[in-house]
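Work through the exercises below with the structure open beside you. Try each task before reading its solution.

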Amino acid sequence: MELLAFLAQGFAVALEPQHLFLALVGCALGTLIGALPGLGPVNGVALMIPLTFNFSLSATAALILLVSIYYGCMYGGRISSILLNIPGDEPAMMTTLDGFPMAQQGRGGEALGLTGVASFVGALVSTVGLVLFAPVLVNFAIRFGPAEYFALFVLAFATIGGVTGGHLAKSFLAACLGLLLGTVGIDAVSSVPRYTFGWYELYDGIDFIVALVGLFAISECLVFLEDSHQGRKPTMTLGSALPGVRTAWRCRGSIGRSSVLGFIAGVLPGAGAALGSFLSYTLERRWQGARGDFGNGDPHGVAAPEAGNNAAAGGALIPMLSLGIPGSGTTAILLALLLSMNITPGPLLFENQPELVWGLVAALFIGNLMLLALNIPLVGLFARVLRAPGWFLMPMVVMVAFVGVYSLGNSAFDLYLMLAFGVLGYVLRKLEIPTVPVVLGLLLGGQMEYNLRRAMSISGGDWSIIWNSGISVGIYLFAIALLLGGLLFHWLMKRRR
Amino acid sequence: MKEGVGAVGDRITGVVLLLVAVVAWWLSHDYTSSFGQTIGPGAFPRLVSVPLGLLSLYLIARPGVNQRWPERSALLRQLSLLVLLMVYAGLIQPLGFLPTALLTVTLVIRLFGASWRQALPFGLLLTLGLYLLFEFALGMPLPDMPGMNW
């Protein structure tokens with residue numbers, strides 16, 4: 001019952017006119033960013049962060065705006081997947097498989113309506129899950145000391161690569177590189193400058209936001225310049241989205257199963273929405289078996305990944321808010337926003353600033369309703385955006401990035417640094433080294449080091465404190481289990497191919 | 001599936017990152033503090049540089065696949081973008097936001113494949129839009145042109 005009181009308090013916060021307005025702006029903007037190929041939730045939210053700072057919003061308001069964008073992106077990603085066969089963002093990749101064939105059969109509108117409902121249910125299930133499970137995790141985490149937090153960081157890094165796939169060593173390399181970059185600047189404990197090479201601009205360390213916008217937005221422009229995306233326009237007629245609602249009722253089983261599965265995938269650290277949609281699609285194809293017509297425009301195959309990725313998006317907020325460990329790239333950026341506003345997520349956040357946490361949760365419920373309204377009757381409006389030419393879009397991204405980053409510190413050095421990170425991000429992408437672990441390392445390195453040092457000063461220099469408590473051992477075992485599970489999963493997938 | 005090309009890139013990366021790890025390890029020994037701390041400022045970088053070095057060695061020994069590297073013309077476009085943006089970063093303080101942004105944005109739009117007739121109006125629109133947004137709506141002053149302080 002205490003939960004309901006907190007929720008009521010949250011709704012009071014979220015229903016303030018400014019917050020409602022920001023949620024609406026965020027939802028519309030998020031759908032737009034998600035729909036545009038090449039601009040995913042990570043890029044979109046990263047690009048918005050410098051602007052948020054300049055708006056001088058309160059932490060609650062900024063978080064509501066960015067989380068609405070995040071949820072909106074999850075809705076928007078499906079639009080270009082279905083209409084263009086180009087995923088608007090990475091989690092929407094699976095939606096192309098059956099969504100585009102549906103559009104080719106002239107059922108594009110139906111597919112959009114269906115996925116709108118599926119996205120709504122997925123997000124709703126995961127937001128309810130957030131309300132139920134985040135406090136449980138918080139009650140558990142309240143007993144964590146510095147050594148346990150250190151273990152938690154190890155868990156986060158160990159699972160990044162294991163679950164997201166690819167060359168495992170490359171994910172870990174990226175994480176180590178990020179952690180090392182995170183040590184640049186004056187050490188907070190001893191005031192010793194590290195790896196600054198005499199550049200006083202680096203004394204404050206590498207500004208996370210500068211690195212982030214470079215790694216994602218600038219490198220995206222470099223990728224775009226490589227091959228021109230011209231000549232892919234949605235030509236088919238949309239049709240009404242409303243029949244999709246009826247189709248959604250027929251697919252209710254798929255939507256329900258995928259929402260739960262996606263939610264679980266989202267909660268696991270290091271997994272995120274892409275895994276949620278992937279697992280949901282794969283499971284659903286198995287489930288339907290011979291009845292399904294997967295790959296040729298089966299509505300079940302469109303509903304499942306969309307419910308899955310939206311559910312995962314909400315699930316990923318749980319470890320971010322209750323432990324301070326982001327589960328995905330976008331939640332890492334949200335965490336960065338909180339940290340730079342001097343708010344440390346974790347058990348204490350729930351205790352000290354319940355209005356922020358529950359206001360955010362309530363805003364998610366409201367935003368989800370707004371998104372449903374935006375994405376079913378008004379979806380044609382967003383589909384029209386896909387006609388915007390690249391020569392308009394990408395320069396806009398560059399300019400917003402430049403002006404936003406410049407006004408953070410009025411420093412031209414930040415701009416050069418951002419360009420350097422843009423080139424780094426581009427090269428890493430070409431090498432198929434994931435950039436998200438770099439970001440996580442850069443972001444979490446400071447906290448990780450701080451907790452390590454605190455643990456060591458408690459133990460008086462005895463390293464065994466790192467693995468001396470039952471909780472830390474449990475976390476390490478969990479990390480190993482996840483890692484092995486991920487390896488097994490990839491091995492099985494490879495064998496099936 | 002993405003097209004994979006040879007593993008040379010991975011090997012070079014491995015060597016570069018190995019060098020980074022060795023240098024980071026080396027330099028970390030200079031970071032000592034006079035306070036009686038149980039672990040000093042050098043310990044954590046050293047702790048990170050060990051797995052970094054080992055993983056680099058692994059990457060050199062067992063490289064994965066890379067995506068195709070850009071062709072000459074694409075590389076030229078990318079370099080032009082970087083040069084333009086460096087010019088922007090270099091000129092924004094001495095020349096002010098408006099002329100710098102107008103010049104570079106228009107050229108960047110051209111670089112992304114628009115004609116002059118498209119690039120000029122949109123460059124102007126984008127520059128003015130951002131100027132108005134930041135200067136007036138957000139109250140974040142951008143650098144003015146010299147001799148134009150209003």
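The exercises cover a predicted model and go from whole chains to helix pairs, the interface and one residue.

**Exercise 1. Describe the overall build of chain A.**

Step 1. Take stock of the secondary structure. Chain A has 21 helices and two strands.

Step 2. Get the dimensions. The C-alpha trace of chain A spans about 70 × 55 × 50 Å along its principal axes.

Step 3. Test for compactness. A compact globule with 497 residues would have a radius of gyration near 23 Å. Chain A has 22 Å, which agrees.

Step 4. Check burial. Of the 497 residues in chain A, 60% are buried.

Step 5. Look at the contacts with a separation of 6 or more. In chain A, 80% of them come from residues 24 or more positions apart.

**Exercise 2. Do the same for chain B.**

Step 1. List the elements. Chain B has five helices and zero strands. From the N terminus on, the order is α-α-α-α-α.

Step 2. Check burial. Buried residues are 31% of the 150 residues in chain B.

Step 3. Look again at contacts with a separation of 6 or more. Residues 24 or more positions apart supply 58% of them in chain B.

**Exercise 3. Classify the packing of α5(A) against α16(A).**

Step 1. Locate the helices. α5(A) covers residues 95-141, and α16(A) covers residues 354-375.

Step 2. Read the geometry. Their axes come within 10 Å and cross at roughly 175 degrees.

Step 3. Apply the cut-off. Angles over 145 degrees count as roughly antiparallel. Therefore α5(A) and α16(A) are roughly antiparallel to each other.

Step 4. Find the contact residues. α5(A) contributes A:G116, A:F120, A:A123, A:L124, A:T127, A:L130 and A:V131. They meet A:V361, A:L364, A:F365, A:N368, A:L372 and A:N375 in α16(A).

Step 5. Sort them by class. This contact of α5(A) with α16(A) has nine nonpolar, four polar and no charged residues.

**Exercise 4. Classify the packing of α18(A) against α19(A).**

Step 1. Locate the helices. α18(A) is residues 390-409, and α19(A) is residues 412-430.

Step 2. Read the geometry. The angle is about 135 degrees, and the axes are 8 Å apart.

Step 3. Assign the class. α18(A) and α19(A) are therefore oblique to each other. The crossing is right-handed.

Step 4. Find the contact residues. α18(A) uses A:F402, A:V405, A:Y406, A:L408 and A:G409. α19(A) uses A:D414, A:L415 and A:M418.

Step 5. Sort them by class. The contact of α18(A) with α19(A) has six nonpolar residues, one polar and one charged.

**Exercise 5. Map the side of chain A that touches chain B.**

Step 1. Take the totals. In this interface, 49 residues of chain A are in contact with 56 residues of chain B.

Step 2. Name the elements giving two or more residues on the chain A side. They are α7 (168-182), α8 (208-226), α18, α19 and α20 (436-459) of chain A.

Step 3. Find the top contributor. α18(A) gives the most, with 12 residues.

Step 4. Sort by class. The side of chain A that touches chain B has 31 nonpolar, 10 polar and eight charged residues.

**Exercise 6. Place B:L124 and decide how exposed it is.**

Step 1. Find its element. B:L124 is in helix α5 (residues 116-137) of chain B.

Step 2. Count neighbours. B:L124 has 14 other C-beta atoms within 10 Å, so B:L124 is partly exposed.

Step 3. Compare two positions. B:L124 and B:I39 are 85 residues apart in sequence. In space, C-alpha to C-alpha, B:L124 and B:I39 are 56 Å apart.

Definitions and conventions:
Residues are numbered from 1 along each chain as its sequence is written. Chains are lettered from A and ligands numbered from 1 in the order in which they are written. This is a predicted model: local features need pLDDT of at least 70, side-chain atom pairs count only at pLDDT 80 or more; totals for chains, interfaces and linings use all residues. Axes are lines fitted to C-alpha atoms, for helices over the stretch in contact, and angles run from 0 to 180 degrees between N-to-C directions. Helices (H or I, at least four residues) and strands (E, at least two) are DSSP runs, numbered from the N terminus. Angles under 35 degrees count as roughly parallel, over 145 as roughly antiparallel, 65 to 115 as roughly perpendicular and the rest as oblique. A crossing is left-handed if the near helix is turned anticlockwise from the far one by less than a right angle, and right-handed if clockwise. Two residues are in contact if their C-beta atoms, placed from the backbone, lie within 7 Å. Ala, Val, Leu, Ile, Met, Phe, Trp, Tyr, Cys and Pro count as nonpolar, Asp, Glu, Lys and Arg as charged, and the others, Gly among them, as polar. The radius of gyration is taken over C-alpha atoms; the globule rule is 2.2 Å times the number of residues to the power 0.38. A residue is buried if 20 or more other C-beta atoms lie within 10 Å of its own, exposed if 12 or fewer, and partly exposed in between; C-beta atoms are placed from the backbone.
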